[in-house]
Amino acid sequence: MIKRKEGASMSEFSESYHLFSTEQNDGVELLKRAWLRGYVYPASNHWVTIAPKGKIFKPNKRLINSNKGTLVHLINAEDHGWSISVYDGNKRAFHFECAWEEEVEINQDEYNRERMVELINQNTNKLSVVTPLDITKVFYFSDFEEFFERDPVNQIAGFLRLDNYKWVSYEYVQAEYKENSSEVINKGIKMV
């Protein structure tokens with residue numbers, strides 16, 4: 001996990017992809033098939049985290065079109081919104097987006113609760129079996145305060161068992177690599 005600097009008060013702008021795999025090299029191969037630069041974290045809890053170079057907060061079409069497995073795209077723009085998408089191959093099977101400036105706006109056009117339940121429950125490293133109601137509680141809230149109390153980004157990451165999603169993006173890892181490359185290498189993160 002990339003951490004913010006001590007005393008920093010900046011907002012988190014994380015964007016990461018998570019390939020359902022137990023092999024770090026599957027992430028490396030996905031970046032190579034897409035002809036993209038990026039960073040690949042070691043496998044953890046049946047997920048390989050990928051931070052590809054590309055336009056921030058936009059689906060990386062080259063990565064998605066080269067995907068052959070299950071790929072999760074997670075965005076956390078702490079003070080502005082968050083989203084999560086699940087791709088089976090290059091087809092989006094789930095999408096949920098929540099943004100706020102003055103009012104909360106939710107895009108749930110491709111909200112497929114059953115696909116999210118299936119994905120979570122197929123992971124042999126899951127903490128417990130989840131139900132459709134468990135997922136509904138993550139994605140639906142009555143007001144802004146309830147939203148922040150529930151902390152849906154961390155809830156869904158916990159259900160999925162994602163370890164590397166906080167303060168992770170191509171830009172964050174690149175900055176850390178430039179500052180202290182041995183620290184990134186010591187974490188087992190591969191650069192493509």
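**Exercise 1.** In which loop does Asn45 lie? Describe the setting and the backbone of this residue, then compare Phe57.

*Solution.* The structure is a predicted model, in which local features need pLDDT of at least 70, side-chain atom pairs count only at pLDDT 80 or more, and totals for chains, interfaces and linings use all residues. Residues are numbered from 1 along each chain as its sequence is written, and side-chain values use heavy atoms, with hydrogens and water left out.

Step 1. Asn45 lies in the loop between β2 (38-40) and β3. Helices (H or I, at least four residues) and strands (E, at least two) are DSSP runs, numbered from the N terminus.

Step 2. Asn45 counts as buried because its relative accessibility is 18%. Buried means under 20% relative accessible area, exposed means over 50%, and partly exposed lies in between (1.4 Å probe, protein chains only).

Step 3. The phi of Asn45 is near 55°, a positive value in a residue other than glycine. Most residues other than glycine have a negative phi.

Step 4. Phe57 is located in the loop between β3 and α2 (61-66). Its phi is positive too, at about 65°, although Phe57 is not a glycine. With 29% relative accessibility, Phe57 counts as partly exposed.

**Exercise 2.** With which strands does β1 pair, and in which sense?

*Solution.* Step 1. Two strands pair if DSSP finds at least two bridges between them.

Step 2. β1 pairs with strand β4 (residues 70-77) in the antiparallel sense, over seven bridges. Glu15 has Ile75 as its bridge partner in β4.

Step 3. β1 also pairs with strand β3 (residues 47-52), again in the antiparallel sense, over four bridges. On this side, the bridge partner of Tyr17 is Ile50.

Step 4. Strand β1 itself spans residues 13-20 and is mostly covered, with seven of its eight residues buried.

**Exercise 3.** Which residues does Asn76 contact, leaving aside its neighbours within four places in sequence? Treat Pro152 in the same manner.

*Solution.* Step 1. Contact means heavy atoms within 4.5 Å.

Step 2. Asn76 lies in strand β4 and counts as buried, at 14% relative accessibility. Leaving aside neighbours within four places in sequence, Asn76 is in contact with Glu12, Phe13, Ser14, Gly81, Trp82 and Val153.

Step 3. Pro152 belongs to helix α6 (residues 152-160). Because its relative accessibility is 3%, Pro152 counts as buried. Not counting residues up to four places away in sequence, Pro152 touches Trp82, Val138 and Phe147.

Step 4. Trp82 is thus among the contacts of Asn76 and among those of Pro152.

**Exercise 4.** How many helices and strands does the chain have? Characterise the chain as a whole.

*Solution.* Step 1. The chain has eight helices and eight strands. Its radius of gyration is 16 Å, close to the 16 Å that the globule rule gives for 192 residues, so the chain is as compact as a globular protein of that length. The radius is taken over C-alpha atoms, and the rule is 2.2 Å times the number of residues to the power 0.38.

Step 2. The C-alpha atoms fill a box of roughly 45 × 40 × 30 Å, taken along the principal axes.

Step 3. Of the 192 residues in the chain, 46% are buried. Among contacts with a separation of 6 or more, 58% are between residues 24 or more positions apart.
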